[in-house]
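Me: I'd like to go through this one slowly and ask where each label comes from. Can you put it up for me?

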Amino acid sequence: MAFSILGISGSLRAASFNTGLLRAAQEVAPDGVTVEIADITGIPLYDEDVYQAGFPAAVETLRQQVAAADAVILATPEYNFSISGPMKNAIDWVSRPPMPQAFNEKPVAIMGASGGKLGTARAQYHLRQVLVFLNAHVINKPEVMVGGAASAFADGKLTDETARDLIRQQLE
Ligand code: FNR
């Protein structure tokens, strides 16, 4: 039976290392597992007035993708020791309306890549806190924290074998 995973990157830039982690997840996914990468570039900043008027198209697409997926991978950059604005903003949109919201009881894996040595550790623990409120089932181990990202990638491809193996284990 096919198992579908939706990957969401918290970085909008084309050469994002975090989006690169999701491409690596596509490459190492076990047989029968598909990883689709969401496009969150068109999602506006959360505005309660806009929400009341109706979901923008890009938000509606993401909501439906999260709801339909068997599991979600969140690849988060670390911005100033926390998750990126685009990541939090996307989660905030998907979390509305609150009952029911699409992350409730959804299996979620977290990964991240950064230039620093800790590989988004601080951001990932903030992200876990957000997901506790949303009642997602977050995988505890293995943690996928890719530090010194520039040397873990070559031409946009994750080449660090340790990191690739951790992603493989996490997907399994
Ligand atoms: C960063 N970066 C960063 N890195 C880190 O390890 N800890 C941090 O707190 C921060 N803070 C931070 C703030 C802001 C505003 C930016 C733009 C960047 C560096 C960050 O890890 C690096 O730019 C990554 O390459 C971002 O991820 P993507 O875009 O490659 O996926």
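Me: Which residues come nearest to the ligand?
Reply: Ser-11, Arg-13, Ser-16, Asn-18 and Glu-78 come nearest, out of 13 residues around the ligand. A residue is near a molecule or strand if one of its heavy atoms lies within 4 Å of it. Before we go on: this is a predicted model, where local features need pLDDT of at least 70 and side-chain atom pairs count only at pLDDT 80 or more, while totals for chains, interfaces and linings use all residues. Residues are numbered from 1 along each chain as its sequence is written, and side-chain values use heavy atoms, with hydrogens and water left out.

Me: What makes Ser-16 a polar contact of the ligand?
Reply: A polar contact is a pair of N or O atoms within 3.5 Å (within protein, one must be able to donate a hydrogen and the other to accept it, and residues adjacent in sequence count only if both atoms are side-chain atoms). A polar side-chain atom of Ser-16 sits 2.6 Å from a ligand oxygen, so the pair passes that cut-off. Glu-78 has a side-chain N or O atom 2.8 Å from a nitrogen of the ligand. With Gly-116 a backbone N or O atom is involved, 3.3 Å from a ligand oxygen.

Me: How much of the ligand does the protein cover?
Reply: The protein covers 70% of the 620 Å² of accessible area that the ligand has on its own. Those areas come from the Shrake-Rupley method with a 1.4 Å probe; for residues, only the protein chains shown count as cover.

Me: Which elements give two or more residues to the shell around the ligand?
Reply: Helix H1 and strand S4 (78-79) do. Here helices (H or I, at least four residues) and strands (E, at least two) are DSSP runs, numbered from the N terminus.

Me: How do the residues of that shell divide into nonpolar, polar and charged?
Reply: Four are nonpolar, seven polar and two charged. Ala, Val, Leu, Ile, Met, Phe, Trp, Tyr, Cys and Pro count as nonpolar, Asp, Glu, Lys and Arg as charged, and the others, Gly among them, as polar.

Me: How do you know that S1 and S2 pair?
Reply: Two strands pair if DSSP finds at least two bridges between them. S1 (residues 3-9) and S2 (residues 33-37) are joined by five bridges and run parallel, so they pass. One of the partnerships puts Ser-4 with Thr-34 in S2.

Me: What kind of unit do S1, H1 and S2 make?
Reply: Together with H1 (residues 17-28), the two strands form a right-handed β-α-β unit. A crossover is right-handed if, with the strands pointing away from the viewer, the path from the first strand over the helix to the second runs clockwise.

Me: Which way does S3 run beside S1?
Reply: S3 runs parallel to S1, with five bridges joining them, and Ser-9 stands opposite Ala-75 in S3. S3 also pairs with S6 (residues 107-113) in the parallel sense, over four bridges. There, Leu-74 has Ile-110 in S6 as its bridge partner.

Me: What makes S3 mostly covered?
Reply: Five of the five residues of S3 (residues 71-75) are buried. Buried means under 20% relative accessible area, exposed over 50%, and partly exposed in between (1.4 Å probe, protein chains only). In a regular strand the side chains alternate between the two faces of the sheet. In S3, Ala-71, Ile-73 and Ala-75 are buried on one side, and Val-72 and Leu-74 on the other.

Me: Why is Ser-114 called buried?
Reply: Ser-114 has a relative accessible area of 11%, and the cut-off is under 20%, so the label fits. This serine lies in the loop between S6 and H5 (121-133). A polar atom of the Ser-114 side chain is 3.4 Å from the backbone nitrogen of Gly-116, and one is 3.4 Å from the backbone nitrogen of Thr-120.

Me: Why is Pro-30 only called partly exposed?
Reply: Pro-30 has a relative accessible area of 25%, which falls in between the two cut-offs. Pro-30 is in the loop between H1 and S2.

Me: And why does Asp-155 count as exposed?
Reply: Asp-155 has 86% relative accessibility, and exposed means over 50%. Asp-155 is in the loop between S9 (153-154) and S10 (157-158).
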